[in-house]
Amino acid sequence: MRGRRLTAPAGAASRRLLADVAGLVSVSAFYVVVSVVLAGLWRAATAHGPVAGYTGRELTWYIVTAEAATCAINPRLIEEIGDDVVSGAVTVEMLRPAAVGGVRLAVETGRALTRLAVLLPVGAVIGWTAVGPPPDATGALLAVPALALAVAVNVAMQHAVAGISFWLRDTRAAWFLYQKLVFILGGMLLPLEVLPDVLRHVASALPFAAMAYVPARTAAGHVAPGLLLVQAGWLVVFVVAALAVFGAGERRLQEVGT
Amino acid sequence: MSTARVLRTALADAVARRSAFWAQIGVMILNDLAWVAFWLLFFHAVPGVRGWDARRVLLLYAVLTTAAGLALGLTSNCRRIPQLVSGGALDDILTLPVAPLRHLLVRRVDPVNLGDGLFGVVLFAVTGHPTPARIAGYVAGSLLGAALLASFLVLTGSLVFVTGRGETSSLAMNAILLLASYPVDVFSGATKALLYTAVPAAFVAGVPAGLIDRPGLPVALALVGATGTFAVLGGGAFTLGLRRYTSGSSWRSH
């Protein structure tokens, strides 16, 4: 029963998203543009040989996968959750017989996974057309669960961060900074191996790498199944954190109001 | 009310909430620093790409942020035409004795994007090796790039008068800004041709930045011509679209 309280809104959110064909076309078109541009840049960069251990073909699949992981997410999620908390909209959700944080996590994960399911075949066509099949079949297969985990970790962490708006009231700037951390330290724009040693070690220890770098490196043929376990670990951490922050925030709203 | 006075009022309104104004500018500067970090890291790993190195890309980025800051900051409604049209917000403008498009464009100033412009100026001052000739090229190039960007956004935003939807405009803005932020020589064939025609991203930053390094009359004339063409197309599309605008009876609650 409790599971259904979460799967039902997630399924409904997914169906609503699929019904918005224009929105999906728009997301897919942006994904195509950004993937083609970045993959083109990296292919040009590898014209005289591999960069940081990646060939042009590997980097093309790297970029196509990393972009799918980030384009599947609503980039302004932190801001929108913060607005709902500040405007009091979240208090209406507290009337439901389910934890607000849990339902929101389920809904956003459902949406993001649906977008990902739409972007995956588009990305496969881009990669295949540009450089042929993925460098490694095992890597390509493992990249699918890695992408799903990447999206789930990203959604959970954004909820954990956005929950701070129960206390700070203004998280509008946070989404912008969060996004840039995923861009650089998450390996969305460039593989972590390109970073200077110190920065690479820092980035490897942070959760952002689980959101783009892990599935992208896997799809590029550098298979390390242990990285998926790292993603699973971060997922547990941020789901627990998000539920705890939202739980505490709900109690605060009940005690002191909006 | 003159266009300059409307712009002054919009600026005063944006600056009135002083802490929010500076916070938004600061956020945009941090965003731009992240992109500069990306390019420095990229060229740390790759010595050069088709004749482009870190210095040339930073010059391109200085022009792009300045042009985008001017277009999306001072004439920020150029990106909001679909929302304004579908929300019926043109009604009150059409009752005024002013040129609707010009008034609409300067009526709102966006502090976030002013941060972009400020960043571009500082980036050029620090990395652009400013000399009087280069400063003149940077100012002229940025102004033309801004005018072209705003015109392109008005043109694509005016499609809402026909289609009734704003997704195309949003996609067009993201696409032109994204494409303008990369060295144009990365692209080839049909994609490169597209950047000089239908989605004129090359003229927003790449061509003006090239003119700062290597001034030349034919390229400068091409830039002026492209800007003029898109200004005419944008203004014409908006004016034609106004004939179809019929939202006077829409219900709103604000």
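**Entry 1: the term I need, and the kind of model**

A helix, in these notes, is a DSSP run of type H or I with at least four residues, and helices are numbered from the N terminus. I also note at the start that this is a predicted model, which I keep in mind through all the entries.

**Entry 2: the end of helix 4 in chain A**

With that definition in hand, I looked up what comes after helix 4 of chain A, and I found that G88(A) follows this helix with a positive phi, near 90°. Helix 4 itself covers residues 77–87, and its buried residues are L77(A), I78(A), E79(A), I81(A), G82(A) and V85(A). To think about such a list, I recalled that an α-helix has 3.6 residues a turn, so residues three or four places apart point the same way.

I then moved on to T91(A), which sits in helix 5 (residues 89–93) of chain A. Is T91(A) buried or partly exposed? Its relative accessibility is 30%, and because buried means under 20% and exposed over 50%, T91(A) counts as partly exposed. I also compared its place with that of L17(A): the two residues are 74 positions apart along the chain, and their C-alpha atoms are separated by 24 Å.

**Entry 3: chain A as a whole**

I counted 12 helices and 0 strands in chain A, and reading along the sequence I wrote down an α for each element of the pattern, with nothing else between them. The radius of gyration of chain A is 19 Å, close to the 18 Å that the globule rule gives for 258 residues, so chain A is as compact as a globular protein of that length. Its C-alpha atoms fill a box of roughly 65 × 40 × 30 Å along the principal axes.

I looked up burial next, and 52% of the 258 residues of chain A count as buried. For contacts in chain A with a separation of 6 or more, residues 24 or more positions apart account for 83%. The accessible surface of chain A is about 10600 Å², and 67% of that belongs to carbon and sulfur atoms. On charge, I noted 19 positive and 15 negative side chains in chain A, with the centres of the two sets 5 Å apart.

**Entry 4: chain B as a whole**

Chain B has 13 helices and 0 strands. How does its radius of gyration agree with that of a compact globule? A compact globule with 254 residues would have a value near 18 Å, and chain B has 19 Å, so the two agree. Along the principal axes, the C-alpha trace of chain B spans about 60 × 45 × 30 Å.

Of the 254 residues of chain B, 50% count as buried, and among contacts between residues at least 6 apart in sequence, 77% join residues at least 24 apart. Chain B exposes about 11500 Å², of which carbon and sulfur atoms supply 67%. I noted 19 positive and 10 negative side chains in chain B, and the centres of these sets lie 5 Å apart.

**Entry 5: aromatic pairs**

I searched the whole structure for aromatic pairs and found 21 over all chains. In one of these pairs, the ring centres of W42(A) and F42(B) are 4.8 Å apart and the planes are at 65°; since planes over 60 degrees apart count as edge-to-face, that is what I call this pair. The pair crosses between chains, running from helix 2 (residues 21–45) of chain A to helix 2 (residues 18–45) of chain B. Both W42(A) and F42(B) are buried.

I then turned to W61(A) and W128(A), whose ring centres lie 6.3 Å apart with planes at 85°, so this pair is edge-to-face. W61(A) is in helix 3 (residues 56–71) and W128(A) in helix 6 (residues 100–131) of chain A, so that the pair links parts of the chain 67 residues apart. W61(A) is buried, with a relative accessible area of 7%.

Which residues do ring pairs link into a cluster? I listed W42(A), F183(A), W35(B), F38(B), W39(B), F42(B), F43(B) and Y182(B).

**Entry 6: positive phi in chain B**

I closed by looking up two residues that have a positive phi without being glycine. R50(B) has a phi near 45°; it lies in the loop between helix 2 and helix 3 (54–74) of chain B, and at 48% relative accessibility it counts as partly exposed. H129(B) also has a positive phi, of about 45°, and is found in the loop between helix 7 (111–127) and helix 8 (132–157) of chain B.

Definitions and conventions: Residues are numbered from 1 along each chain as its sequence is written. Chains are lettered from A and ligands numbered from 1 in the order in which they are written. This is a predicted model: local features need pLDDT of at least 70, side-chain atom pairs count only at pLDDT 80 or more; totals for chains, interfaces and linings use all residues. Side-chain values use heavy atoms; hydrogens and water are left out. The radius of gyration is taken over C-alpha atoms; the globule rule is 2.2 Å times the number of residues to the power 0.38. Buried means under 20% relative accessible area, exposed over 50%, partly exposed in between (1.4 Å probe, protein chains only). Contact means heavy atoms within 4.5 Å. Accessible areas come from the Shrake-Rupley method with a 1.4 Å probe; for residues, only the protein chains shown count as cover. Lys and Arg count as positive and Asp and Glu as negative; His and the chain ends are not counted. The place of a charge is taken as NZ of Lys, CZ of Arg, CG of Asp or CD of Glu. Rings of Phe, Tyr and Trp (its six-membered ring) pair if their centres lie within 6.5 Å; planes under 30 degrees apart count as stacked, over 60 as edge-to-face and the rest as tilted.
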